[in-house]
Amino acid sequence: AYLNARLPQLHRFCVNCDHTHIDFLGSMNDPIRPSVCRRDLCSWAFTELGVGSASTDELASAAEVVDLLLAITTAAATSDRAPKILDPFPLLVNHSGKRYLDPDEPDYLKARDI
């Protein structure tokens, strides 16, 4: 009974901490696949250790998909409606672990430079 109820809702929970994704309730921005949440520990574990990365391996290996996502983000950031379109604001961490784009401090001008 538990599995029958939980399986259709796996995308609502972080693959690392098993908590409901932040801002999930009341949001129409449901992730399509199981993914890590935006909590600092889960983001760090994903970036540094690859925990939960199995669900993103297909995406990371498809250059066309990455190019499309970057183009869509750039178009959204240059729009007058950027605060509405980029909600939630994306999290982008560089190779040294520093947040380049931070949902806690949205910087739409920086998002345009991507």
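Select D18 to begin: with a relative accessible area of 44%, D18 is partly exposed, where buried stands for under 20% relative accessible area, exposed for over 50% and partly exposed for what lies in between, using a 1.4 Å probe and protein chains only. D18 sits in the loop between helix 1 (2-6) and helix 2, and its phi is near 65°, a positive value in a residue other than glycine. Most residues other than glycine have a negative phi, and most peptide bonds are trans.

Before moving on, keep in mind that this is a predicted model, in which local features need pLDDT of at least 70 and side-chain atom pairs count only at pLDDT 80 or more, whereas totals for chains, interfaces and linings use all residues. Residues are numbered from 1 along each chain as its sequence is written, and side-chain values use heavy atoms, with hydrogens and water left out.

**The whole chain**

Switch to a cartoon view, which shows six helices and two strands, in the order α-α-α-α-α-β-β-α along the sequence; helices here are DSSP runs of H or I with at least four residues, strands are runs of E with at least two, and both are numbered from the N terminus. Of the 114 residues, 19% count as buried. The accessible surface comes to about 8100 Å², of which 58% belongs to carbon and sulfur atoms; accessible areas are obtained with the Shrake-Rupley method and a 1.4 Å probe, and for residues only the protein chains shown count as cover. Taking contacts as heavy atoms within 4.5 Å, residues 24 or more positions apart account for 26% of the contacts with a separation of 6 or more.

**The cysteines**

Next select C14, C17 and C42, and consider the disulfide count, which comes to zero under the rule that a disulfide is a pair of cysteine sulfur atoms within 2.5 Å. C14 is in no disulfide, and the nearest cysteine sulfur to its own, that of C42, is 3.6 Å away. The sulfur of C17 has its closest cysteine sulfur in C14, at 3.7 Å, which is too far for a bond. In terms of cover, C14 is buried at 2% relative accessibility, whereas C17 is partly exposed at 24%.

**S43 in helix 2**

From there, go to S43 in helix 2 (residues 40-49), a buried residue with a relative accessible area of 8%. If residues up to four places away in sequence are set aside, S43 touches C37, R38 and L91.

**Salt bridges around R99**

Now select R99 together with D40, D102 and D104, four residues that are linked in a network of salt bridges; a salt bridge is a side-chain nitrogen of Lys or Arg within 4 Å of a carboxyl oxygen of Asp or Glu. The count of salt bridges by this rule is three. The side chains of D40 and R99 meet at 2.4 Å, N to O, and this pair links distant parts of the chain, with D40 in helix 2 and R99 in strand 2, 59 residues apart. R99 also has a salt bridge with D102, at 2.8 Å from N to O, and another with D104, where the closest N and O atoms are 3.6 Å apart. Colouring these residues by accessibility gives a mixed picture: D40 is exposed at 53% and D104 is exposed at 62%, while R99 is partly exposed at 23% and D102 is buried at 17%.

**The nonpolar patch**

Turn to a surface view and select V66, L70, L92, Y100 and I114, which make a nonpolar surface patch of about 360 Å². Patches consist of residues with over 30% relative accessible area and no salt bridge, like charges being joined within 9 Å and nonpolar side chains (Val, Leu, Ile, Met, Phe, Trp, Tyr) within 5 Å. Y100 belongs to strand 2 (residues 99-101) and is partly exposed, with 35% relative accessibility.

**The core and a cis bond**

Then hide the surface and select A76, A77, L86, F89, L101 and A111, the six residues of the largest nonpolar core, a core being a set of buried Ala, Val, Leu, Ile, Met, Phe, Trp, Tyr and Cys residues joined through side-chain atoms within 4.5 Å. Apart from its neighbours within four places in sequence, A76 is in contact with A82, I85 and L86.

Which bond joins D87 and P88? It is a cis peptide bond, with omega at about 10°, and P88 is found in the loop between helix 5 (82-85) and strand 1 (92-93).
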